[in-house]
Amino acid sequence: MPWTEPAGDDTWRVRYRRTDGTKGAISGFADATAAEDHISTMLHEQRTGTWIDPEDSRITVAEFAPAWLDSLDIDQRTEENYRSFLKVHILPRWGTTGFGELTNLGIRTWEKKLRASGLAKTTVDSIIKCFSLLLSDAVPEKLIAANPLVARRRGRRRRAQRTPRKIWGEPAEVLHVADQVALKYGPCGAILVVTGGWTGARWGELTGLDRANVHLYDDDTGSIYLDPDIGALHEPCSGPLYLGHLKTDESERTISLPPFLVRLLRWHLTTHNHRQVFVTPNLEWHRRSNFSRRAFRPAADGNLHIPNPAIRLQPTKPGLTFHGLRHSHKTWMIDDGIPEIAQALRLGHVLQDKVQETYSHVAAAVEQRLLDSLQARWDKAVADSKTTAADALWRTCA
């Protein structure tokens, strides 16, 4: 039970006992009545669970951050991002600030300065999200009564920060990119590109694909299964690559394959004995940045700007990324009139309409129509291809 006592110089203070048995003090009251009024407020906040010990509210963000990071149970790459946001942005500005001094206006003003500094919108949003999570986790630790960050209700419209449309490719363009990857990197890279385009699977899902989860049959039917626990190859900012969980629960799925891709993968699996289906020519796990720099970017953008390259590559689809293959696959399915539920199941997406997600099913006829459309797109792309036979040997087995 708090109590009052004179503090000298005609002022009063409130004393209270902490949970560890030590005594705390709140000074600066003009008279005993003001101190008693504060005790009434203090008791009400203690009953409602909103009272914060003034000593605890003076704990700084820098003092709390290490324990907060150690408590997180998140993906390794996400934890590395959070550590970077804290080290580079949050702690230099707020590290010496006590939690009781943090305000929504102060943090939002800092956010505005971050945007003005030239950082990308997604980067600033991620920094603020990280800081907000830290503040929310400080609430149950009784460092602050509530997260001071509140949602914005108004703001300046930022046209320049609109998310750019993703670049996607027609089947002939994706095939041409694959042909140039084969020249620059090897057939293994070309088949990886084609598999990305004709399945819509994510980069990590394909580079982490275990050969035991590839099912290819003599009648040229087949599928790949994406394991929820070890079905994706993860690339931390530091440290070795590792196999881990898929992006979402919905990412666990079986993707059926058109006949040509069954034949391509059947041949591809005879070229190496690595456990993963897609590996580098040196039989090592892929790194996205390495594959992009050595194979995909030159194949999509061309290398006309490089003097005397070993292999001259023409621009095929400038700006196309490996993730753009996923957008390409989605666009092809829309163009072919494939039902939305079938698209979502193939790509591992969640339907916004939960009723539709619960009661919609993909009939065998719809699945076969999808595979027929993908096979037809491949056949047309090959027929229209201007790549010489010598440069297209990698796809003859399809």
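In the predicted model, Ile191 is buried, with a relative accessible area of 0%. This residue is found in helix H8. Leaving aside neighbours within four places in sequence, Ile191 is in contact with Leu264, Leu265, Trp267, His268, Phe278 and Trp394. The pairing with Leu264 brings together residues 73 apart in sequence, whose C-alpha atoms are 7.2 Å apart in space.

Val194 has a contact set that overlaps with that of Ile191, since Leu264 and Trp394 appear in the lists of both residues. Beyond four places in sequence, Val194 also touches Ala178, Phe260, Leu261 and Trp378. Val194 is one of the residues with the most contacts inside the largest nonpolar core, a set of 52 residues. Val193, Trp198, Phe291, Phe296 and Trp394 are likewise named among the residues with the most contacts there. Helix H8, which spans residues 187-199, gives the most to this core, with seven residues. A second, separate core comprises 27 residues, including Trp68, Trp94, Phe99 and Phe131. In soluble globular proteins, nonpolar side chains tend to be buried together.

Thr97 is placed in the loop between helix H4 (76-94) and helix H5 (104-116). At 10% relative accessibility, Thr97 counts as buried, because the value falls under 20%. Apart from residues up to four places away in sequence, Thr97 touches Ile59, Thr60, Val61 and Leu102.

Val366 also counts as buried, with a relative accessibility of 18%. Val366 lies in helix H15, which covers residues 364-384. Contacts of Val366, with neighbours within four places in sequence left aside, are made with Pro339 and Ala342. The C-alpha atoms of Val366 and Ala342 are separated by 7.9 Å, and the two residues are 24 apart along the chain.

Two histidines are partly exposed. His349, at 36% relative accessibility, is counted in this class, and His327 is assigned to it with a relative accessible area of 29%. His349 is found in the loop between helix H13 (340-347) and helix H14 (354-359). With residues up to four places away in sequence not counted, His349 touches Arg202, Glu250, Arg326 and Ala344. The C-alpha atoms of His349 and Thr248 are 8.7 Å apart in space, although 101 residues separate the two in sequence. His327, by contrast, lies in helix H12 (residues 322-335). Its contacts, again without residues up to four places away in sequence, are with Lys166 and Trp168. From His327 to Val262 the C-alpha distance is 22 Å, for a sequence separation of 65 residues.

Backbone geometry was examined at two loop positions. Most residues other than glycine have a negative phi. In Asp220, however, phi is near 65°, a positive value in a residue other than glycine. Asp220 lies in the loop that joins strand E4 (214-216) to strand E5 (222-226). A positive phi, near 60°, is also found in Leu283, again a residue other than glycine. The loop that holds Leu283 runs between helix H10 (259-268) and helix H11 (288-301). Leu283 counts as partly exposed, at 39% relative accessibility.

For the protein as a whole, the secondary structure comes to 15 helices and eight strands. The radius of gyration is 29 Å, well over the 21 Å that the globule rule gives for 398 residues, so the protein is more spread out than a compact globule. Taken along the principal axes, the C-alpha atoms fill a box of roughly 100 × 55 × 45 Å. Of the 398 residues, 42% count as buried. Among contacts between residues at least 6 apart in sequence, 64% join residues at least 24 apart. The accessible surface comes to about 21600 Å², and 52% of this area belongs to carbon and sulfur atoms. The protein has 52 positive and 48 negative charges, and the mean positions of the two sets are 8 Å apart.

Note on methods:
Residues are numbered from 1 along each chain as its sequence is written. This is a predicted model: local features need pLDDT of at least 70, side-chain atom pairs count only at pLDDT 80 or more; totals for chains, interfaces and linings use all residues. Side-chain values use heavy atoms; hydrogens and water are left out. Helices (H or I, at least four residues) and strands (E, at least two) are DSSP runs, numbered from the N terminus. The radius of gyration is taken over C-alpha atoms; the globule rule is 2.2 Å times the number of residues to the power 0.38. Buried means under 20% relative accessible area, exposed over 50%, partly exposed in between (1.4 Å probe, protein chains only). Contact means heavy atoms within 4.5 Å. Accessible areas come from the Shrake-Rupley method with a 1.4 Å probe; for residues, only the protein chains shown count as cover. Lys and Arg count as positive and Asp and Glu as negative; His and the chain ends are not counted. The place of a charge is taken as NZ of Lys, CZ of Arg, CG of Asp or CD of Glu. A nonpolar core is a set of buried Ala, Val, Leu, Ile, Met, Phe, Trp, Tyr and Cys residues joined through side-chain atoms within 4.5 Å.
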